[in-house]
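Visitor: I have just opened this one and have not seen it before. Can you walk me through it?

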Amino acid sequence: MTQDELKKAVGWAALKYVEKDSIVGVGTGSTVNHFIDALGSIKADIEGAVASSEASAQRLKALGIPLLDLNSVDQLDVYVDGADEINPHMEMIKGGGAAHTREKIVAAVAKNFICIVDESKLVDVLGDFPLPVEVIPMARSYVARELVKLGGDPVYREGVVTDNGNIILDVYNFKIMHPVEMEKTINNITGVVANGLFALRGANVALVGTNEGVKTIEG
Ligand SMILES: O=C(CO)[C@H](O)[C@H](O)COP(=O)(O)O
């Protein structure tokens, strides 16, 4: 199977976590795009969706799925999203699509985070994928210097402006042995909006697309 076929398989498999008449938290990315297509097939059975990005919102809207503002929702049953890396502790790196800040916010409101990935995203130690950090534009150089002090090599993602009007630094060469501590440390740098580590709030379930079928890992 191609990587996109594996993504499609997990996108559709995630439907089984969607409760009737519920509001669904929806992530961002090429794997989630398959989940959005799947959600379109049951749109009459759900109340609507909360999107973690403008891109996902557009896609949901195009399929006629009602969009809700997160501020009007107390709790979501599920949040479904992809990841750039996931380790055996269900900790992730996200933000390859520059959407991780809103993804963290929507995930925070959800009881269960269902992570949908193809098997290339499974790792033992996070950090081969450069860690995305969303930064207030005027703090770019200061934050970059602080990230160098932590041992990373930050690179400005040219031409990318997040949905929140900020910039992204991708940090190379971190071997992230202690994701929770690293997530807190980077978030404490003044000027950082959010980093792409999802360790304080990891996934509850991972659906992994493999050539042998979709595997379910529970956290
Ligand atoms: O965090 C994300 C976007 O900010 C995505 O979930 C992550 O980049 C995975 O994307 P894809 O499903 O396209 O491989």
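Visitor: Which residues of helix 1 are buried?
Guide: This is a predicted model. In helix 1, which covers residues 3–13, the buried ones are Leu-6, Lys-7, Lys-8, Ala-9, Val-10, Gly-11 and Ala-13.

Visitor: And what do those pack against?
Guide: The buried residues of helix 1 pack against helix 2 (30–40) and three strands: strand 6 (110–118), strand 12 (205–210) and strand 13 (213–218).

Visitor: On to the ligand. How many residues surround the ligand, and which are the closest?
Guide: There are 17 around the ligand, and the closest are Gly-29, Thr-31, Gly-82, Gly-96 and Gly-97. Helix 2 and helix 4 (100–108) each supply at least two residues of that shell.

Visitor: How does the shell divide into nonpolar, polar and charged?
Guide: Three residues of the shell are nonpolar, 10 are polar and four are charged.

Visitor: Now helix 5. Which residues are buried there?
Guide: Val-143, Ala-144 and Leu-147 are buried in helix 5 (residues 140–149). Seen down the helix axis, the buried residues of helix 5 fall within an arc of 105°, so they line one face.

Visitor: What does the face turned away carry?
Guide: That face of helix 5 carries the exposed residues Ser-141, Arg-145, Val-148 and Lys-149. The buried residues of helix 5 pack against strand 7 (131–135), strand 8 (153–156), strand 9 (167–172) and strand 10 (192–195).

Visitor: What follows helix 5?
Guide: Gly-151 does, with a positive phi near 100°.

Visitor: What pLDDT does the chain average?
Guide: The average is 98, and 100% of the residues score at least 70. The model scores ipTM 0.98 and pTM 0.97.

Definitions and conventions
Residues numbered from 1 in each chain as written. Predicted model: local features only at pLDDT ≥ 70, side-chain atom pairs only at ≥ 80, totals over all residues. Buried ≥ 20, exposed ≤ 12 C-beta atoms within 10 Å, placed from the backbone. Helix = DSSP H or I, 4+ residues; strand = E, 2+ residues; numbered from the N terminus. Contact = placed C-beta atoms within 7 Å. Near = placed C-beta within 6 Å. Nonpolar A, V, L, I, M, F, W, Y, C, P; charged D, E, K, R; others polar. pLDDT = per-residue confidence, 0-100. Arc of directions from axis to C-beta.
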